[in-house]
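The following explanation is written for a reader who meets this structure for the first time. It is best read with the structure in view.

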Amino acid sequence: SYINKIYEMTSVGRMFHNFYPSRIEIPEQPKRTQFLRNVTESVLKLRETFLAGDYEYFIIIESDVIPPVDLLKRFDRDVELLNIIDQSWGSLGGIYYKGFHDYTLGGIHKTHHTLSGCTLYKRELIQKYPFRWSEDNLGAFPDAWISYDAGQEFGFYNDHDIVCDHLENPKTLTRYSKPL
């Protein structure tokens, strides 16, 4: 029912009509990298489906991140502005992660790394740079690596007026994540 709800929510507009990625199988072992591999393989499958279509922008909204209801209008406005001020921009994120994002700022600011919790990526960046992970740094997720890999060629921005809720478990005060 979750995938059907996502499909209903995204198929109305111009962005993801008939966008149904197929199921992927990810081995459980090694356990220490399972979550990282789950995230990476999932986003790579979505990237593959995206690149097979005629889409301009790839948007990721993580399941524990709740964006503002007018997110797509804000992204449209910001894309118009970024196309004027920086032709080489590659991604635009909303803010949602206390301790990483600066909640005292407002407006659009250049950054070295956009997190993928609520992020719009330009097609040119997604075409050229795949999401990945590395045994060399198990703390770095695909959003960190794509920012690292594409950082010499593309600009990264956050719109500090796009403030999202980031769900957390009220009992543990941690994000909603659990072993698979």
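The paragraphs below go from the chain as a whole to its strands, its cores, a helix and some single residues.

The model shown here is predicted. Its chain has 180 residues, of which 39% are buried. Five helices and nine strands are found in the chain. Read from the N terminus, the order of these elements is α-α-β-β-α-β-β-β-α-α-β-β-β-β. Among contacts with a separation of 6 or more, 71% are between residues 24 or more positions apart. The chain has an accessible surface of about 11,000 Å², and carbon and sulfur atoms account for 54% of that surface.

A useful place to begin is strand S5, which covers residues 118-122. This strand is mostly covered, five of its five residues being buried. Cys-118, Leu-120 and Lys-122 point one way from S5, while Thr-119 and Tyr-121 point the other way, and residues of both sets are buried. Which strands pair with S5? Strand S1, residues 57-61, runs antiparallel to S5 and is joined to it by five bridges. Within this pairing, Lys-122 of S5 has Tyr-57 opposite it. Strand S3, residues 89-95, also pairs with S5 in the antiparallel sense, here over three bridges. Gly-93 stands opposite Thr-119 of S5, and Ser-91 has Tyr-121 of S5 as its bridge partner.

Strand S3 is likewise mostly covered, with seven of its seven residues buried. In addition to its pairing with S5, S3 is joined to strand S6 by six bridges, and these two strands run parallel. Trp-89 is the residue that stands opposite Gly-155 in S6.

The next topic is the nonpolar interior. In soluble globular proteins, nonpolar side chains tend to be buried together. In this model, the largest nonpolar core has 16 residues, and Phe-75, Trp-89, Leu-92, Cys-118, Leu-120 and Cys-164 are those with the most contacts inside it. At least two residues of this core come from each of S1, H3, S3, S5 and strand S6, which spans 155-163. Helix H3 gives the most, with four residues. A second core of 14 residues is separate, and includes Tyr-55, Phe-58, Ile-126 and Phe-154.

Trp-89 illustrates how residues distant in sequence meet. Apart from its neighbours within four places in sequence, Trp-89 is in contact with Tyr-57, Val-79, Leu-82, Asn-83, Leu-120, Lys-122, Phe-154, Gly-155 and Tyr-157. Among these contacts are Leu-120, one of the residues with the most contacts in the largest core, and Phe-154, a member of the second core.

Helix H3, residues 71-85, holds both buried and exposed residues. Asp-78 is placed in this helix. Is Asp-78 buried or exposed? Asp-78 counts as buried because its relative accessibility is 3%, under the 20% cut-off. Not counting residues up to four places away in sequence, Asp-78 touches Leu-92, Ile-108, Asp-159 and Ile-162. Ile-84, which is found in H3 as well, has a relative accessible area of 68% and is therefore exposed. Together with Leu-81 and Ile-85, Ile-84 makes a nonpolar surface patch of about 310 Å².

Helix H5, residues 142-150, has Pro-142, Asp-143, Trp-145, Ile-146, Ser-147 and Ala-150 among its buried residues. What do the buried residues of H5 pack against? Their partners are helix H2 (34-52), S5, helix H4 (123-128) and S6.

A last residue, Thr-114, connects several of these parts. Thr-114 lies in the loop between strand S4 (108-111) and S5. Although Thr-114 is in a loop, this residue counts as buried because its relative accessibility is 0%. Leaving aside residues up to four places away in sequence, Thr-114 touches Ser-91, Gly-93, Thr-119, Tyr-121, Asp-143, Ser-147, Phe-156, Tyr-157 and Asn-158. Asp-143 and Ser-147 are also buried residues of H5. Thr-114 and Gly-90 are 24 residues apart along the chain, and their C-alpha atoms are separated by 9.8 Å.

Notes: Residues are numbered from 1 along each chain as its sequence is written. This is a predicted model: local features need pLDDT of at least 70, side-chain atom pairs count only at pLDDT 80 or more; totals for chains, interfaces and linings use all residues. Side-chain values use heavy atoms; hydrogens and water are left out. Buried means under 20% relative accessible area, exposed over 50%, partly exposed in between (1.4 Å probe, protein chains only). Two strands pair if DSSP finds at least two bridges between them. Patches are made of residues with over 30% relative accessible area and no salt bridge: like charges are joined within 9 Å, nonpolar side chains (Val, Leu, Ile, Met, Phe, Trp, Tyr) within 5 Å. Accessible areas come from the Shrake-Rupley method with a 1.4 Å probe; for residues, only the protein chains shown count as cover. A salt bridge is a side-chain nitrogen of Lys or Arg within 4 Å of a carboxyl oxygen of Asp or Glu. A nonpolar core is a set of buried Ala, Val, Leu, Ile, Met, Phe, Trp, Tyr and Cys residues joined through side-chain atoms within 4.5 Å. Contact means heavy atoms within 4.5 Å.
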